[in-house]
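Visitor: I would like to go through this model and ask what stands behind each label.
Guide: Then let us put the structure up and take the terms in turn.

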Amino acid sequence: MTSAITTTALTKRYGSHTAIRELDMAVERGSVFGLIGPNGAGKTTTLRLLLDIIRPTSGSMTVLGVDPRAGGADLRRRIGFIPGELRLEGRVKGGALLRHLAEISGPVAPGAIEELAERISLDLTRPVRTLSKGNKQKLGLVQAFMHKPELLVLDEPTSGLDPLIQREFLVMLREAREAGQTVLLSSHVLSEVQQAADDVAVLADGKIVARGDVASLRIASVRRIRATVAGADADTLRTALAAVPEVEDLDVADSPGAADLVRVSATAHNGIDAVVRALTLGEIRDLTVEEPDLEESVLDLYARTEGAS
Ligand SMILES: Nc1ncnc2c1ncn2[C@@H]1O[C@H](COP(=O)(O)OP(=O)(O)OP(=O)(O)O)[C@@H](O)[C@H]1O
């Protein structure tokens, strides 16, 4: 497999602050690569380095086989980019802006802009300055995808988009991969990366703290579980749950409203399977497994990685 992106000991300092330190990363061609991490981890800095918007303090990188510093307009034409913060002002209408960008970014198939706009419900006839944050983001999506670039570099692409459009975006990512395009997707939304990415790197404090495929990383292993259980008493359930390894914040109590029901809440640090099994001592009437908090998951992972090394 050849790489669409490689970085070697890539480092970026802002004064005395190191935003990215000694980053080694490889993104395979034709894959969707998720870069995930809490706010300030260094995701945007990494993407801006790859696009030659900012320059590294040290280290090297290749993007589609060339050094981004030397790639110039030719390289940029092969990339579709959504910046984290999209600033769109002016009276120009969305459609006109996209057609103008299409002339710069190079060949866009006839009708491609309109087709993409329709898929994500973007009105091309409105002046861009009147568009809401979400609609500006849609414009960003269309301009990144419209010329079917070899590489898509997407910084928090779904911020401000409603769930229906987010779903359509995931379909667009799948289609891009099927067409052989490479996607680098930065996000702090764990579920989005889980659904879309083949490989993931977890960034924290400018360093990759874990990498691999989503399942093997177990970045989703911290889950908050709430359940209502019938037909089992609170003491029995509490004992069974307390025996499950790596369960914390356990709270088991009779439901105030209904004599037969027990309410359970717990944080599982090692997957939910054992917790759910313990709950089946009774009849599970209600079960909520919350999206893991990324910050917490990354810290958890950090602790495990540090502990292992
Ligand atoms: N121009 C700059 N000058 C000084 N510090 C900066 C600059 N840009 C970024 N930083 C710092 O570098 C670190 C990494 O920032 P970066 O924007 O890359 O993080 P991020 O992972 O994209 O976070 P977010 O999800 O909040 O966008 C942060 O501590 C940030 O404050």
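Guide: Axes are lines fitted to C-alpha atoms, for helices over the stretch in contact, and angles run from 0 to 180 degrees between N-to-C directions. The model is a predicted one.

Visitor: What angle and what axis distance do helix α5 and helix α6 have?
Guide: Helix α5 (residues 133-145) packs with helix α6 (residues 163-178) at an angle of about 10°, and their axes are 13 Å apart.

Visitor: Why is α5 called roughly parallel to α6?
Guide: Angles under 35 degrees count as roughly parallel. The angle here is about 10°, so α5 is roughly parallel to α6.

Visitor: Which residues make the contact of the two helices?
Guide: From α5 come Lys138, Leu141 and Phe145, and from α6 come Ile165, Phe169, Met172, Leu173 and Ala176. By class, the contact has seven nonpolar, no polar and one charged residues.

Visitor: What makes the approach of Asn39 to the ligand a polar contact?
Guide: A polar contact is a pair of N or O atoms within 3.5 Å. An N or O atom in the side chain of Asn39 is 3.0 Å from an oxygen atom of the ligand, so the pair counts as a polar contact.

Visitor: How do you know that Lys43 and Thr45 qualify?
Guide: The cut-off is again 3.5 Å. For Lys43, a backbone N or O atom lies 2.8 Å from a ligand oxygen atom; for Thr45, a polar side-chain atom lies 2.6 Å from a ligand oxygen atom. Both pairs therefore count as polar contacts.

Visitor: How much of the ligand does the protein cover?
Guide: On its own the ligand has 640 Å² of accessible area, and the protein covers 59% of that.

Visitor: Which element gives the largest share of the shell around the ligand?
Guide: The largest share, three residues, comes from α1. The shell divides into four nonpolar, six polar and two charged residues.

Notes: Residues numbered from 1 in each chain as written. Predicted model: local features only at pLDDT ≥ 70, side-chain atom pairs only at ≥ 80, totals over all residues. Heavy atoms only, no water. Polar contact = N/O pair within 3.5 Å; in protein donor to acceptor, adjacent residues only side chain to side chain. Areas by Shrake-Rupley, 256 points an atom, 1.4 Å probe, with all protein chains shown as cover. Helix = DSSP H or I, 4+ residues; strand = E, 2+ residues; numbered from the N terminus. Nonpolar A, V, L, I, M, F, W, Y, C, P; charged D, E, K, R; others polar. Parallel < 35°, antiparallel > 145°, perpendicular 65-115°, else oblique. Contact = heavy atoms within 4.5 Å.
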